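Welcome! Open your viewer, keep the sequence panel beside it, and let's walk through this model one selection at a time.

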Amino acid sequence: MRKALARIRSGLKRAAVPAALAGALVLSGGGLTPAAPQDPPAGVTGNAERGRPLFESYKCYACHGFEGETGSPRLVPMTFTQEGFIAYVRSPRTQGMPNYSSVPVQTLADIYAYIDSIPPDAPPAESIPLLNSVLEELEDD
Ligand code: HEC
């Protein structure tokens, strides 16, 4: 009987068990590992209208520009999936990008939706005349 159970369990592990069943197995002492609590829950839907002011209040614009057009790298066009974006912004393993680990998943999903809604033809920084003249003046000093 034990062997049969073990076989069923290892079969289940391979077969991507639905989360609810996995949870039940964990409670009953089955060997499946629960999803790490910081994993963004699937199925969160972002809202671009809510995301726009959040993009500003969380100061993303300060480095990435109001249209995601500045900074290295640009955020537009957005190449991340929502999940990848949330995971990155919460723990960017880099020096330049601040860590937003305590920002709620829903908030980041809204910010993602906003960035994703920006038309990808926002001009590259080099093509903005005023910015260029400011940069040239700085170089002249
Ligand atoms: C202090 C400046 C700064 C702020 C504020 C900032 N970022 Fe960044 N961000 C960076 C830098 C610098 C990088 C590039 C990091 C690297 O690759 O080394 C980056 C990278 C990223 C990337 C990865 C882009 C790619 O293609 O690899 C995403 C996504 C991102 N930021 C989103 C955000 C969001 C969303 C916010 C606001 C919640 C934000 N950033 C606020 C500086 C900033």
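What is the mean pLDDT of the protein chain? This is a predicted model, and its mean pLDDT is 75, with 66% of the residues reaching 70 or more.

**Stop 1: the whole chain.** Show everything as a cartoon. You should find seven helices and zero strands. Trace the chain from the N terminus and the elements run α-α-α-α-α-α-α. Of the 141 residues, 13% count as buried. Now think about which parts of the chain meet: among contacts between residues at least 6 apart in sequence, 62% join residues at least 24 apart.

**Stop 2: a stretch to treat with care.** Select residues 5-32. Here pLDDT stays under 50, and the model has 13 contacts beyond four places in sequence for this stretch. Where pLDDT is low, the predicted coordinates should not be read in detail.

**Stop 3: the ligand.** Select the ligand and the residues that surround it. How many residues surround the ligand? There are 19, and the closest are C60, C63, T94, G96 and M97. Try colouring this shell by class: you will have 14 nonpolar, four polar and one charged residues. Next, highlight α4 (60-64) and α5 (82-90), since each supplies at least two residues of the shell. Which helix gives the most to the shell? That is α4, with four residues.

**Stop 4: the largest nonpolar core.** Select I86, L108, A109, I111, Y112, Y114 and I115. These residues have the most contacts inside the largest nonpolar core, which has 14 residues. The elements that give two or more residues to this core are α5 and α6 (105-117). The most comes from α6, with seven residues. So α5 is worth a second look, because you have already met this helix around the ligand.

**Stop 5: one residue of that core.** Zoom in on I111. What does I111 touch, leaving out residues up to four places away in sequence? Its partners are G51, L54, F55, Y58 and C60. You may recognise C60: it is one of the closest residues to the ligand.

**Stop 6: the helix α7.** Finally, select residues 129-140. Is this helix buried or in the open? Of the twelve residues of α7, the number buried is zero, so α7 lies largely in the open. You can also check its length with the distance tool: at 1.5 Å a residue, α7 should span 16 Å, and its end C-alpha atoms are 16 Å apart, which agrees.

Conventions. Residues are numbered from 1 along each chain as its sequence is written. This is a predicted model: local features need pLDDT of at least 70, side-chain atom pairs count only at pLDDT 80 or more; totals for chains, interfaces and linings use all residues. A residue is near a molecule or strand if its C-beta atom, placed from the backbone, lies within 6 Å of it. Ala, Val, Leu, Ile, Met, Phe, Trp, Tyr, Cys and Pro count as nonpolar, Asp, Glu, Lys and Arg as charged, and the others, Gly among them, as polar. A nonpolar core is a set of buried Ala, Val, Leu, Ile, Met, Phe, Trp, Tyr and Cys residues joined through C-beta atoms within 7 Å. A residue is buried if 20 or more other C-beta atoms lie within 10 Å of its own, exposed if 12 or fewer, and partly exposed in between; C-beta atoms are placed from the backbone. Two residues are in contact if their C-beta atoms, placed from the backbone, lie within 7 Å. The expected span of a helix is 1.5 Å times one less than its number of residues. pLDDT is the predictor's confidence in each residue, from 0 to 100.
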